[in-house]
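Colleague: Could you take me through the aromatic side chains and the nonpolar interior of this model?

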Amino acid sequence: MATSRSAFSVLPATPGFARRLLTADLLSVGSELLAGETIDTNAAELARELTELGLRVGGIAAVPDELGAVHDAFARALQRSDVVISTGGLGPTPDDLTREAIAAVVGETLVVDPGLERWLRDLWARREMAFPEINLKQAWLIPSSIALENGNGTAPGWWVDRPDGRVVIALPGPPREMRAMWIEVVLPRLRQRQAGRDVAVRTYRLTGIGESQVADLLGEQMLRSTNPIVATYARAEAVDVRISAVPVDDEDAAPSQPGGTAAQLLAEAEGTVLAALGEYIWATGRTTWAEAVDAALGDRGWTLATVEVGTRGTLAELLSNTTRLVVAESRATETGDQSTGDVDRLAEEARKTAGADVGVALRIMARGEDTAASVAISSPERLHHERRVVFLGGSLGRSRAAITAASMLLRELQGELQRAGSASPTNGHR
């Protein structure tokens, strides 16, 4: 910041706290969230970061701009969790009530901090503007709070240490301000406090199988386990299976429970997941289809061209960040030859015309309420094609057809396609 940093205290080391910070609650303050006018991305981002840090998020709540509601939300969260993090409600207007609510919950009096007041007034003076006195509430502090610098706005955050070792953290609502304060100030402070447990996490990305089928193959016992936790998530582009584990001693396990580090418990669960679902896994972590295909093409030094018929370009959109995609062509639905040979021809023409190493052709047609997809892949090694029927029609059908084509392409590039199904009416190659 161009202005002096003296208004913001350097957060001191806190080695004396006996309480381990292991659980967290998230509060999103703002009536606009409950009215559907604003989508709350802050809570999802913070929950993910806290989980990766090893804290268990026990609750996420959206709270209206009503003092009683905000007060009660903080009071409940402080009874339940070691860390309470709020976003929003730090503006200068009367309906920004986060500071008032925290002060009431902890029984302390709000006062204007002289350093923060000078900092705020300087922001307006530098722009040769009159300072709106309404903004003075953004200089409020309570005795147990420390102001957190906001380099992207006028709303300082709060860090509040409670006598029992719990922590309240108030962050601004605008994502640009929240994110910078979280990364630059709050996250280092939580790490200094050694917040969270040692946690081991692995996410597998699956295709060609639905979430209910995944759950059936894993079994109820595994999905109800509390350590390691195995959870399934149906995403737009994949079904994810996330495994997370913490050391048994951190869980206050019963004497009969076998011990183990987080890594050991994770590895044991991974073996079961891979045995049940290995044939459906195409990536790990947060890998996208574009990243996976790009890496596979890069391993061979190949480039890619695509041509689509009737999809409105959904395959090209899915692979839009693939650096080795040299040509992506989308055509309206054609009424000509609908045979497999036609799709083969399109794939070969796309490859040769673009001078690419691989050509992929995807053609779709309505099949009742579902979508029939024909895919052909032409490479220096061979020409492969498949026909699939994907669930639903319309935009969802087009998206699922694109994922089907990307999955086939990735498996072809990795040499994992089974080549023995040439007699099958839904799978062939020549």
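Colleague: How many aromatic pairs does the structure hold?

Modeller: This is a predicted model, in which local features need pLDDT of at least 70, side-chain atom pairs count only at pLDDT 80 or more, and totals for chains, interfaces and linings use all residues. Residues are numbered from 1 along each chain as its sequence is written, and side-chain values use heavy atoms, with hydrogens and water left out. Rings of Phe, Tyr and Trp (its six-membered ring) pair if their centres lie within 6.5 Å, with planes under 30 degrees apart counted as stacked, over 60 as edge-to-face and the rest as tilted. On that basis, the number of aromatic pairs in the structure is two.

Colleague: How are the planes of Trp124 and Phe131 arranged?

Modeller: The centres of Trp124 and Phe131 are 5.1 Å apart, with 85 degrees between the planes. This aromatic pair is therefore edge-to-face.

Colleague: Why is the pair of Trp282 and Trp289 called stacked?

Modeller: Both Trp282 and Trp289 are buried (under 20% relative accessible area, where over 50% is exposed and in between is partly exposed, with a 1.4 Å probe and protein chains only). The pair counts as stacked because the ring centres lie 3.7 Å apart and the planes of Trp282 and Trp289 are at 10 degrees.

Colleague: Which residues have the most contacts inside the largest nonpolar core?

Modeller: A nonpolar core is a set of buried Ala, Val, Leu, Ile, Met, Phe, Trp, Tyr and Cys residues joined through side-chain atoms within 4.5 Å. The largest such core has 31 residues, and those with the most contacts inside it are Phe74, Ile102, Leu120 and Trp158.
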